[in-house]
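Q: I'm new to protein models and would like to learn how to read one. Can we go through it together, feature by feature?

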Amino acid sequence: DVSPVVAGLIGATVLVVSVSVTVFVWTCCHQQAEKKHKTPPYKFIHMLKGISIYPETLNNKKKINRIQRDKNGPAREGGRGNLLVDAAESGLVGSDKAPDGPGAAPQLDQLPIKVDYGDELSPDQSLTPGGSKTSSPSSPGDDVMLGDLTFSVDYNFPKKALVVTIQEAHGLPVMDEHTQSSDPYIKMTILPDKRHRVKTRVLRKTLEPVFDETFTFYGIPYSQLQDLVLHFLVLSFDRFSRDDVIGEVMVPLAGVDPSTGKVQLTREILKRNIQKCISRGELQVSLSYQPVAQRMTVVVLKARHLPKMDITGLSDPYVKVNVYYGRKRIAKKKTHVKKCTLNPVFNESFIYDIPVDLLPDISIEFLVIDFDRTTKNEVVGRLILGAHSGSAAGAEHWREVCDSPRKAVAKWHSLSEY
């Protein structure tokens, strides 16, 4: 026999559990239904040689689809009926996953470079937006012809979609002296929002690449086209160091009218001009070199006027410091993350043992990055001091440090677009 009190408690417990389970199941079903019918504010469809590879939404997740084609349909690519596009073989996966090999300048591994860091909190998410390596501090000289880029622009009025097809490039410069060729690919961004970031696959050992890749961007009203600018960044993949920047193409859509159909365009590839990049705020750093100890001290002091990266109107910035000997990265480290601020104060120092005779070939890169726990971190801007400094102020700062031993030289620098 069970007392009425115990029976009542058991009945109440069963009732509460039943109601809780019912509410939980209903909530899950309701959220799942909302996800199915929710239209993201931005998405694009990627086409490779007329074949749909994957749809991509704001979460940057790529889906590789196996496409079954009717045998009676039009033949393409040798009449194959089935096509499976592998992202790794097609170069769609970011090049930062390429392993270092024995041919990666073995003499650099023996450099007497030592790093001494204080205790830091390292952000646990990866650096790059879109999962790719980016530009190298080096770039082709002014006297080198960089070639031409051919692409087309169209607009789909029923779907409110901008369609950009990157077709081919001609006359690219040689970036790999060993093979006397290049491994080109293209990154495209729609300015000024910089939300629509895509890239083509890497084409190996060619100076005349034919990409034939179509990117369809949904949710762009035709009335806004006149305010947008297409930015094409042409790069050459490098397995053992940072990818080389060949050049860039800027195309304001104010001069393009795709209302009557596809517009075919060919533009000359120009050397990337860091001075013309939009200001991304300022960073104050201090450098000093001790010739007796052969030690370089780098202090990341503070930043100001950083752009708003979060929906709250603030950012969570930190600074990643990369040290290069020539084009080979020999050291890297990160500062703490400063939460909810556009004017962070870091005051963190890094010490490097660098012989005097290596100073002319040393470059120090500062990347200001917005930390995000739910999505990938986004680069706000960058600064390069040293052998590959992209600005006159950066070159002057480095020269003053080298000419004034044992003196800490602190200066503000404008961050350039990454």
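Q: Let's pick one residue: where does Gly386 sit?
A: Keep in mind that this is a predicted model. Gly386 belongs to strand S20, which covers residues 378-386.

Q: Is Gly386 buried or exposed?
A: The idea is to check its relative accessible area against a cut-off: under 20% is called buried. Gly386 comes out at 11%, so it counts as buried.

Q: Which residues is Gly386 in contact with, leaving aside its neighbours within four places in sequence?
A: Those are Ile362, Ser363 and Trp398. You can also look at a C-alpha separation: Gly386 and Cys402 are 16 residues apart along the chain, and their C-alpha atoms are separated by 9.8 Å.

Q: Okay, zooming out: how many helices and strands does the protein have?
A: Count 3 helices and 21 strands. The protein has 418 residues, and 45% of them are buried. As for contacts between residues at least 6 apart in sequence, 68% join residues at least 24 apart.

Q: How do I read a sheet?
A: Strands of a sheet pair through backbone hydrogen bonds, and the pairing is either parallel or antiparallel. Here, one open sheet has 4 strands in the order S9-S8-S11-S12, with antiparallel pairing. From one strand to the next, the twist averages 20 degrees.

Q: Which strands stand at the edges of that sheet, and why is one side of each left without a neighbour?
A: They are S9 (197-199) and S12 (244-252). Each has a single partner strand, so one of its sides has no neighbour in the sheet.

Q: Over how many bridges do S8 and S9 pair?
A: Strand S8, residues 184-191, pairs with S9 over 3 bridges, in the antiparallel sense. To find the spot on screen, look for Met188, which stands opposite Val198 in S9.

Q: What does the UniProt annotation say about residues 6-29?
A: The unreviewed UniProt entry annotates them as "transmembrane region". In the model that stretch is 100% helix and 0% strand, and its end C-alpha atoms lie 35 Å apart.

Q: Last one: what is the mean pLDDT of the protein?
A: The mean is 74, with 69% of the residues reaching 70 or more. Residues 55-142 are a stretch to watch, with pLDDT below 50. This stretch still has 197 contacts in the model beyond near neighbours in sequence. Where pLDDT is low, though, don't read the predicted coordinates in detail.

Note on methods. Residues are numbered from 1 along each chain as its sequence is written. This is a predicted model: local features need pLDDT of at least 70, side-chain atom pairs count only at pLDDT 80 or more; totals for chains, interfaces and linings use all residues. Side-chain values use heavy atoms; hydrogens and water are left out. pLDDT is the predictor's confidence in each residue, from 0 to 100. Contact means heavy atoms within 4.5 Å. UniProt positions are given in the numbering used here, feature names are shortened, and annotations may be inferred rather than shown by experiment. Helices (H or I, at least four residues) and strands (E, at least two) are DSSP runs, numbered from the N terminus. Buried means under 20% relative accessible area, exposed over 50%, partly exposed in between (1.4 Å probe, protein chains only). Two strands pair if DSSP finds at least two bridges between them. Axes are lines fitted to C-alpha atoms, for helices over the stretch in contact, and angles run from 0 to 180 degrees between N-to-C directions.
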